[in-house]
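The exercises below are meant to be worked with the coordinates open in a viewer. Each one sets a task and is followed by a solution that goes step by step.

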Amino acid sequence: MKKQNISFKKSFDKAVLESGKALFDNGAVNNIKAKNDVYKAEIKGVKTFRCQVKIEKGSFINGSCSCELGKDGKNCQHMAALLFALTQDDPYKPAGYVFKE
């Protein structure tokens with residue numbers, strides 16, 4: 001999977017971004033799947049949440065998540081974690097990831 005330069009940080013509250021970065025750093029992002037401009041993943045923590053993000057021309061457009069914040073239509077830490085993963089040279093830098101296209 002190719003590293004992407006994605007503009008997304010302004011779309012998230014600071015606390016949500018920090019939580020998303022911590023999730024990524026702790027290896028919570030799993031099973032990333034890509035189709036066209038939509039990326040899906042499972043984010044594992046106390047519970048496993050399914051989220052997806054849409055990226056067009058290097059910008060985060062929108063996303064959805066099965067968590068409470070995501071169900072309310074807000075950008076959540078799970079979406080941020082997936083976006084952090086997509087901007088890395090190796091989205092599976094922490095151990096335990098599986099990539100399937």
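**Exercise 1. Work out how E3 is joined to E4, and then place both strands in the sheet.**

Step 1. Strands E3 and E4 run antiparallel and are joined by six bridges, in what is a predicted model. One of the residue pairs to look for is isoleucine 55, whose bridge partner in E4 is phenylalanine 60.

Step 2. Turn next to the connection: the hairpin of E3 and E4 has two residues between the strands, and lysine 57 takes a positive phi near 50° in this hairpin.

Step 3. On the other pairing of E3, the strand meets E2 in the antiparallel sense over seven bridges, and here lysine 40 stands opposite glutamine 52 in E3.

Step 4. Assembling these pairings gives an open sheet of four strands in the order E1-E2-E3-E4, with antiparallel pairing. Because E1 and E4 each have a single partner strand, they stand at the edges, and one side of each is left without a neighbour in the sheet. Neighbouring strands of this sheet are turned against each other by 20° on average, if direction is ignored.

**Exercise 2. Describe how H3 is placed relative to the sheet, and determine what covers its buried residues.**

Step 1. Begin with the chain as a whole, which contains three helices and four strands and follows the pattern α-β-β-β-β-α-α when read along the sequence.

Step 2. Helix H3 lies across E1, E2, E3 and E4, and runs at about 55° to E3.

Step 3. Now count the buried positions, for which the cut-off is a relative accessible area under 20%. Nine of the 10 residues of H3 are buried, so that the helix is mostly covered; among them are Met79, Leu82, Phe84 and Leu86.

Step 4. The cover over these buried residues includes H1, E1, E2, E3, E4 and the helix H2, residues 68–71. For comparison with the chain, buried residues make up 40% of its 101 residues.

**Exercise 3. Identify the residues that touch the most other members of the largest nonpolar core, and trace the elements that contribute to this core.**

Step 1. The largest nonpolar core has 29 residues, of which Phe12, Val29, Val53 and Leu82 touch the most other members.

Step 2. Two or more residues each are given to this core by helix H1 (14–25), strand E1 (29–35), strand E2 (38–44), E3, strand E4 (59–65) and H3. The largest share, eight residues, comes from H3.

Step 3. Take phenylalanine 12 as an example: when residues up to four places away in sequence are not counted, phenylalanine 12 touches Leu17, Phe60, Asn75, Cys76, Met79, Ala80 and Leu83.

Step 4. As background, nonpolar side chains tend to be buried together in soluble globular proteins. In this chain, among contacts with a separation of 6 or more, 57% are accounted for by residues 24 or more positions apart.

**Exercise 4. Decide whether the cysteines are bonded or unbonded, and describe the surroundings of cysteine 51 and histidine 78.**

Step 1. The criterion for a disulfide is a pair of cysteine sulfur atoms within 2.5 Å, and the structure holds zero disulfides. For cysteine 65, the nearest cysteine sulfur is that of cysteine 67, 3.7 Å away, and cysteine 65 is in no disulfide. Cysteine 76 is likewise in no disulfide, the nearest cysteine sulfur, that of cysteine 65, being 3.7 Å away.

Step 2. Check the accessibility of these residues: cysteine 65 is buried, with a relative accessible area of 7%, and cysteine 76 counts as buried at 0% relative accessibility.

Step 3. Cysteine 51 lies in strand E3, residues 48–56, and counts as buried because its relative accessibility is 4%. The C-alpha atoms of cysteine 51 and cysteine 76, which are 25 residues apart along the chain, are separated by 9.3 Å.

Step 4. With neighbours within four places in sequence left aside, the contacts of cysteine 51 include Tyr39, Ile43, Cys65, His78 and Leu82.

Step 5. Finally, look from the side of histidine 78, which has its place in helix H3, residues 77–86, and counts as buried at 7% relative accessibility. With the sequence neighbours within four places left aside once more, histidine 78 is in contact with Leu23, Ile43, Phe49, Cys51, Cys65 and Cys67.

Notes:
Residues numbered from 1 in each chain as written. Predicted model: local features only at pLDDT ≥ 70, side-chain atom pairs only at ≥ 80, totals over all residues. Heavy atoms only, no water. Buried < 20%, exposed > 50% of the residue type's maximum accessible area, 1.4 Å probe, protein only. Contact = heavy atoms within 4.5 Å. Core = buried A, V, L, I, M, F, W, Y, C linked by side-chain atoms within 4.5 Å. Pairing = 2+ DSSP bridges. Axes fitted to C-alpha atoms, helices over the stretch in contact; angles between N-to-C directions.
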